Amino acid sequence: MSYLFPNYGRWPIRITKGEGNYLWDEAGNRYLDLVSGIAVTSLGNVPHRVKVKVQEQLNTLWHCSNLFEIPIQEKLAEKLVSLTCGDRAFFCNSGAEANEAAIKLARRYAQKIKKQDRYEVITFEQSFHGRTLATLTATGQAKVKDGFAPLPDGFMTVPYNDAAALRAAITDKTCAVMLELVQGEGGVNPASPAFVEQVQALCAEHDLLLIVDEVQTGIGRTGKWFAYQHYNIEPDIITMAKGLGSGFPIGAIVGKEKLAEAFGPGTHGTTFGGNPLACSSGLATLETMEEEGYLARVAEMGAYFMAKLEQLSAVRPEIVGVRGKGLMLGVELAFEVADVIAKMRERGILLLQAGPNVLRLLPPFTVETEEIDRAIAALDDVLNTVTHTV
Ligand code: PMP
C-alpha cells in the first residue's frame, strides 16, 4: 500500500542514495544511471562545486519574494543571456512552467504590443512540452491528453520535419511556433537542418515568434549550450529546466528584448521562481560546465557512445537504428523495449524508454568510456536473452 497517487509507472526499486554516475537502492545495490534522472543530474549526483555554492547560499538567503531585486537572479540571468541569443530571463520551477510562460508571452506580445488578434501556437507531432493544461495541449502525443478534456483553444499540431505542412497550417491567428530540436520523449528524433532553417524562414515571413523547447536538449546535453546553436537560427524564446539546476528544481525562459514590454509588472509570475537556492545551483552548474570544459566532453563522449552503438547495431539485427546528438541518444529496436530496459536494470544499468521501440540514453556528462563499454556489453548480452521476432 502506498500513500502516493499511482501516476508514475514506478520501477520496483527504492532509491536512497546518489553519488557520481550511480544510484543505490535500499538493499545496497548499485545502478549506473545512464539517464541522469532524465537529463537533470548532468554533472553527476551531486557535483561538489554546485553543492558548495548551494550550501553557501543556504547560509545567507534561502528565499526572498520577487517584491525585491535579488542579485543571484540577476547573475544567473546575465549568464544565460551571455550563452544565448536572448536578452531577458524569467525564472520558474519546471519545464512545463517555462513553456507555459513562453506561450503566455507569445500571446501577450501579439495582442498587447503588436495589437494583433492572434493566439494560436503551432507545435509538432510526437513533441512533448509538459503536463499542465496548456502544455499538454501543445504536446503532439494523444496519450498525454487522454481524459483531460476540455483542453484550451489555440493549439495546432503538424508533422515534424515537414516544412510544407507547417506552411499550410499557418493562419492569420498564428502567433508562434514551438519546436524541440531533438524530440526527447517522442523517440530521440533530431530535426533536420533544412527543416529548422525553413521553420525560422516561415516565422520571419509570417511574423511569428519561434520558441525552442530546450527543456531536455539545453544546458549542454547535445554538445552545445543549446541545441539551436547547431543550426543557423536565432529563436525569439528559449525554454529550459532539467539540467539547469543539476537536480535543484528550476525552469527558465530567455527571450529577445522586443518581448520585455509584454511581460510588464503584474502580468506573470510565480512565488518560487528565481528562488536563491535554485539560482545558485543554476549559476554553479553553468560555471562548472564552462570552467571544466564539459561541452567538449559531451561531444567527445557522445561520439564515443554513438560509435559503440553503431558497432553493436552492425552485428545485431534487433537494432533498427541509432540516432541522437551529443549525450542524447536513441536506439530503435525491432520490438518493444520494456523487457530490455527491465533486464538492463537487473544488470545494474538504468535506461529509459521513448516511444514503444526506442531505448533512450541521457548519460551524465561525467560518464567514463569504461562505463559506456560496460553498458554496450550488457545490452549485447540482454539482446540475446529477450524473446522477440525480428
Ligand atoms: N519539454 C520537454 C522537451 C521535456 O522533455 C519535458 C520533460 N520531459 C518538459 C517539457 C516538461 O518538463 P517538466 O517535467 O519539468 O515540467
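Let's start at Pro150. Pro150 sits in the loop between α6, residues 142–145, and β6. The peptide bond leading into it, from Ala149 to Pro150, is cis. Omega there is near -5°. Keep in mind that this is a predicted model.

There is another cis bond to look at. This one runs from Asn45 to Val46, with omega near -5°. Where is Val46 found? In the loop between α1, residues 36–39, and α2, residues 48–60.

While we are at α1, look at Ser36. Ser36 belongs to that helix. Its phi is positive, about 50°, and it is not a glycine. Why point these spots out? Because most residues other than glycine have a negative phi, and most peptide bonds are trans.

Now back to β6, and the sheet it belongs to. Seven strands form an open sheet. Read across, the order is β4, β12, β11, β10, β7, β5, β6. The pairing is mixed. Which strands stand at the edges? They are β4, residues 88–92, and β6, residues 155–158. Each has a single partner strand, so one side of each is left without a neighbour in the sheet. From one strand to the next, the twist averages 20°.

Take the β6 edge. Strand β5, residues 120–124, pairs with β6 in the parallel sense. Four bridges hold that pairing in the model. One contact to find on screen: Val121 has Phe155 in β6 as its bridge partner.

Now the β4 edge. Helix α3, residues 71–83, lies across β4 and β12. Strand β12 covers 251–255. The helix runs at about 125° to β4.

Next, the other sheet. It is open too, with four strands in the order β1, β2, β3, β15. Again, the pairing is mixed. The edge strands are β1, residues 15–19, and β15, residues 349–350. Each of those pairs on one side only. Inside, β2 (residues 22–25) and β3 (residues 30–33) run antiparallel, joined by three bridges. Tyr22 stands opposite Leu32 in β3.

On to the ligand. The shell around the ligand has 14 residues. Which of them come nearest? Ser94, Gly95, Ala96, Val215 and Gln216. By class, the shell has seven polar, four nonpolar and three charged residues. Helix α4, residues 95–113, supplies the largest share, with three residues. Ala96 has its place in that helix.

Compare that with the record. The UniProt entry, which is unreviewed, carries a "binding site" annotation. It covers Gly95, Ala96, Phe128, Asp213, Glu214, Val215, Gln216 and Thr271. In sequence, those positions spread over 177 residues. They are also spread in space, up to 25.3 Å between C-alpha atoms.

Last topic: the domains. The protein is divided in two. Domain 1 takes 15–33 plus 294–385, and domain 2 takes 48–291. Their centres, taken over C-alpha atoms, are 27 Å apart. How many residues does the contact take from each? It takes 18 from domain 1 and 17 from domain 2.

Stay on the domain 1 side of that contact. The elements giving two or more residues there are α10 (294–315), β13 (319–325), β14 (328–333) and β17 (358–361). Helix α10 gives the most, five residues. By class, this side of domain 1 has ten nonpolar, five polar and three charged residues.

To recap for the bench. Two cis bonds to check by eye are Asn45 to Val46 and Ala149 to Pro150. For the ligand, start with Ser94, Gly95 and Ala96, which are among the nearest residues. For the domain contact, start with α10.

Methods. Residues numbered from 1 in each chain as written. Predicted model: local features only at pLDDT ≥ 70, side-chain atom pairs only at ≥ 80, totals over all residues. Pairing = 2+ DSSP bridges. Axes fitted to C-alpha atoms, helices over the stretch in contact; angles between N-to-C directions. Contact = placed C-beta atoms within 7 Å. Near = placed C-beta within 6 Å. Nonpolar A, V, L, I, M, F, W, Y, C, P; charged D, E, K, R; others polar. Domains from an automatic or database assignment. UniProt positions renumbered as here; feature names shortened; annotations may be inferred.
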